Amino acid sequence: MQRSFAIVLALVVMFPAPHLSAQDGEGVVFAAYYRCTQGQESRADEIVRDVFGPILDRQVAAGAFTTWGLSAHVMGGDWRRLQYTIGTDRD
């Protein structure tokens, strides 16, 4: 299972994703899965929203990357959150 996850994550990071970019041209996605304790997920979501969200929003406004997001895996497994940023290039 961990090997499959590592392969998928590597593919997401290595290949451009122009269809996900809000701008013309090619883009790249950087993503990380987080292992979460199910009883503490809401607190982790609050921290992302209240602490990291404003920082990431300022980076988007400054043009450091195009967008960011946090996705939830709601059924089974320990790897329950996926944070991603989308940029126009790897720099």
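Two strands pair if DSSP finds at least two bridges between them. With that in hand, here are the close-up views of this predicted model.

**View 1. β2 and β3 run side by side in the antiparallel sense.** Strand β3 covers residues 79–87, and 6 bridges link this strand to β2. One place to look is L70, whose bridge partner in β3 is Q83. As a general reminder, the strands of a sheet pair through backbone hydrogen bonds, in either a parallel or an antiparallel way.

**View 2. Three strands form an open sheet with the order β1-β3-β2.** The pairing in this sheet is antiparallel. Which strands sit at the edges? They are β1 (28–35) and β2 (67–72), each of which pairs on one side only. From one strand to the next, the twist averages 15 degrees.

**View 3. Helix α2 packs on the sheet.** Here α2 touches both β2 and β3. The direction of the helix makes about 170 degrees with that of β2. Helix α2 spans residues 41–61, and I55 is one of its residues.

**View 4. A nonpolar patch lies on the surface.** I47, V51, F52 and I55 make this patch, which comes to about 320 Å². Take a moment with I55: is this residue of helix α2 buried, exposed or partly exposed? Its relative accessibility is 39%, so I55 counts as partly exposed, given that buried means under 20% and exposed means over 50%.

**View 5. R80 is a buried residue of strand β3.** Why does R80 count as buried? The reason is its relative accessibility of 5%, which falls in the buried class because that class takes in values under 20%. Leaving aside residues up to four places away in sequence, what does R80 touch? Its contacts are Y34, C36, Q38, E41, S71, A72, H73, V74 and M75. Among these contacts, Y34 falls within β1 (28–35), while E41 belongs to helix α2 (residues 41–61). S71 and A72 are part of β2 (67–72).

**View 6. Stepping back, the protein chain holds 2 helices and 3 strands.** Starting at the N terminus, the elements follow the order α-β-α-β-β. The chain has 91 residues, and 23% of them count as buried. Among contacts with a separation of 6 or more, 48% involve residues 24 or more positions apart. The accessible surface of the chain is about 6,500 Å², and carbon and sulfur atoms account for 57% of that area.

Technical notes. Residues are numbered from 1 along each chain as its sequence is written. This is a predicted model: local features need pLDDT of at least 70, side-chain atom pairs count only at pLDDT 80 or more; totals for chains, interfaces and linings use all residues. Side-chain values use heavy atoms; hydrogens and water are left out. Helices (H or I, at least four residues) and strands (E, at least two) are DSSP runs, numbered from the N terminus. Buried means under 20% relative accessible area, exposed over 50%, partly exposed in between (1.4 Å probe, protein chains only). Contact means heavy atoms within 4.5 Å. Accessible areas come from the Shrake-Rupley method with a 1.4 Å probe; for residues, only the protein chains shown count as cover. Patches are made of residues with over 30% relative accessible area and no salt bridge: like charges are joined within 9 Å, nonpolar side chains (Val, Leu, Ile, Met, Phe, Trp, Tyr) within 5 Å. A salt bridge is a side-chain nitrogen of Lys or Arg within 4 Å of a carboxyl oxygen of Asp or Glu. Axes are lines fitted to C-alpha atoms, for helices over the stretch in contact, and angles run from 0 to 180 degrees between N-to-C directions.
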